[in-house]
Each structure stands twice: as structure tokens, then as C-alpha cells.
Amino acid sequence: MSYFKVENVSKYYDGNLVLKNISMNIKRGSFVSILGPSGCGKTTLLKIISGIEKVHEGKIYLKNNEITNMPIYKRNIALVFQNYALFPHLSVKENILYGLKNKRVSNHEKSQQLEEIISVVKLKEFVNRRVDELSGGQRQRVALGRALIMKPDLLLLDESLNALDKELRIGMQEELKEIQKKTNITTLFITHDQEEALKLSDEIMVMKDGVIIQKGTPVEVYEQPKDLFVAKFIGEANVFKGVVRNVKKEFCEIDVDGQMLYINSNKNLKVGQAYTFAIRPEKINICATKGPYNEGVVKEITYKGNMEICSIKLQNATKIKLVVQNANNSDKIRIGDKIKIVIEDSMFF
């Protein structure tokens, strides 16, 4: 039996179906991300789970108990919003303890729980400081502390790292994962940031237009996307349309507008069949003379610090991008270089 389950949930706004038959099963202690573009229904789903929004069809279960129509205050679910919803005039201690305001907890128990949570979210030296005197990352930890002190059965995070700058956000991703593992709290995380979802999650659910179109581990979703939308939404991809001309044991030949691409994969392809296929830039390697290979000229190089993105123009003007790790100057690829590339794998649709 699942720890948390959503069963065939649908939601309408003004007669429009915005969530369509959503189902999920989440294990206790797992970190699950719901990933999708803006407007796909992620936040609406989170509001339904928390009880802020009513469900029109379907059921929701937590710890084997149906909570579909249960009032918010009885669900024991904590929700951390994107803007944190903290009280700026109150201290860290007062903000965190606010969650226990309406609970029958003795002062001694409050002190014990506060000390424990302050330690978990690493705010011991700031406990008496006002929230408006804290950095964005510290405020994020206060919001988490206020949620965790409730000892919720489920923690919901609604794009709660979005307000942070890149450096702080990366640091908070690591801290969030550490806190989640330390507390073993079952977490549902809403984001549109693909790298964030891949880094943090035990499981990813990809949403589009109110529908969950793929579920799986980060590796499964990235390496084995169900369709072209998932392939393009999660990570970079070179996308082509072509016809399979030859299939051999270790590679295939695909005609793309007269350019024959050699790919070291066959995946039960049929000769003469047209496919749309996507190639990750990191699946393309520069080679010496071993075949089968593809030839082209370097037309553009984008420097990204530890790597470079190279745009290669093949013989018929087809362009393909590959990733090259930053190397010594003597090994660097330069614009105008003629190179041979090997495509190690592709995803076919």
C-alpha cells in the first residue's frame, strides 16, 4: 500500500479541464519532483493535495486514509510557498514556533522541538534575529523550519527556491536534500527547473497541459524520455527527422535531407521508416579515424567555463551541437576546424 496516493484526480476552472485524471503513488521518505512548464497545472495539483483547492473528481489518500474532502487543518500536510509567507517583524524563533500556536504543546516540548529544528536547518546563531534581517537562503531555512516543526506526514514545496540567486539556490538545493534525508520526510517538490529536479529527486513526474506524461527516476526520464516533449524539456537535444536507410548490428544509417548520419545504435529500427530522433550533445564524441563517423566544420563555440558547446555544420548544412570539456589550449577546438564525430546514441520517436 502506498504512503501517499492520488487517484484519478481532475479539476475544472470555469468549465475548462485543467487537471486530467492525475494519479500517483509515493513511497514513504521519498523526494518526488513534479516538473513542467508554467501553466501546466503543477501548483493547482499542490493546492488540491494541501486542501486549499477542492477536487472535482478522484480521491487522495495519505497513510491509507482518504483525505479528499478533509479540512486543511486535519491533513497534517505542510506547504512552503515560493514567497515563504514569513512574518518579517517576528524573530526566527517566533516564526518557527508559530506553527505550534494552535497545538496543545507544553512550553518544555516547544523548547525541545525548537532546539531540534534549529539544529536541522542550521539557524542556531540567528534564532533571535528578525526575519527581515536575514538573507534569502536563511529565510528559506526559516520557512522549512516552520514546516518541519509541525512534524507533517507530507511536505509540499511550491517552487520554493525560485526567489534565490543562482549561487544561493545551488547551496540550498544541497541543504534541502540533506534536511530531507535527515528527517526522512516524504516530500513533493514543484519546479520548472530541470537541473534542480534531476539533482534532488528520487522520482520525477513530468507534467504538460494538466497531464502527467511520464514518471520515473531522474536517469529514466533523462535517458529514456517517453516522447519528444520530455526529451526537449529535460536537457539539451539535437532534434532531426530522417529515414532509416541501413541497420547493422552496431549502428544505423539515417538520411536527414540528403545527409547520412551514422549513429551507434539501432534500437530495432526498420529500414525505410521515417523517425523523429533526438541526440543529446554529450552523446557525441570527436574521433580520429575510426568509423562510422560524420564529418563537419566547427561554426560556433559557446564558452561555459568547464565546457564548450560546439555547433558543427555537416556536409549538407545540417547543424548539430556537441559538448567538449574544457581542455589545454593545444587540444582546443577552434572555429573553422574540420572534425570527425561519432554519435554514440539517440532517442527515436
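Select F81 first: in this predicted model, the residue is partly exposed, with a relative accessible area of 31%, a value that falls between the limits of under 20% for buried and over 50% for exposed. Its place in the chain is the loop that lies between β6 and α3, the latter spanning 92–97. Now add I52 and I72 to the selection and show the surface, where these two residues and F81 form a nonpolar patch whose accessible area comes to about 250 Å² together.

From F81, step back to β6 (77–80), which is one of the two edge strands of an open sheet, the other being β10 (211–216), and each of these pairs on one side only. If you colour the 6 strands of this sheet in their spatial order, you will read β6-β7-β8-β3-β9-β10, with mixed pairing. From one strand to the next, the twist averages 20°. Inside that order, select residues 31–35 and 187–191, which are strands β3 and β8, and you will find them paired in the parallel sense over 5 bridges. To see how the two strands are aligned, label F31, which stands opposite T187 in β8.

The next stop is an open sheet of 4 strands, ordered β2-β1-β4-β5, in which the pairing is antiparallel. Select β2 (16–26) and β5 (65–66) here, because these strands stand at the edges with a single partner strand each, so that one side of each is left without a neighbour in the sheet. For the partner of β5, select β4 at residues 57–62, which runs antiparallel to β5 and is joined to it by 2 bridges. One pair to display is L62 with its bridge partner in β5, N65.

Which strand is largely enclosed by the rest of the structure? Select residues 274–279, strand β14, where 5 of the 6 residues are buried, so the strand is largely enclosed. With β14 still selected, add strand β11 (residues 238–247), which pairs with β14 in the antiparallel sense over 6 bridges; a useful label is K241, whose bridge partner in β14 is T276. Then add residues 347–348, strand β20, which also pairs with β14 in the antiparallel sense, here over 2 bridges. End the tour on F277, which stands opposite F348 in β20.

Key. Residues are numbered from 1 along each chain as its sequence is written. This is a predicted model: local features need pLDDT of at least 70, side-chain atom pairs count only at pLDDT 80 or more; totals for chains, interfaces and linings use all residues. Side-chain values use heavy atoms; hydrogens and water are left out. Two strands pair if DSSP finds at least two bridges between them. Axes are lines fitted to C-alpha atoms, for helices over the stretch in contact, and angles run from 0 to 180 degrees between N-to-C directions. Patches are made of residues with over 30% relative accessible area and no salt bridge: like charges are joined within 9 Å, nonpolar side chains (Val, Leu, Ile, Met, Phe, Trp, Tyr) within 5 Å. Accessible areas come from the Shrake-Rupley method with a 1.4 Å probe; for residues, only the protein chains shown count as cover. A salt bridge is a side-chain nitrogen of Lys or Arg within 4 Å of a carboxyl oxygen of Asp or Glu. Buried means under 20% relative accessible area, exposed over 50%, partly exposed in between (1.4 Å probe, protein chains only).
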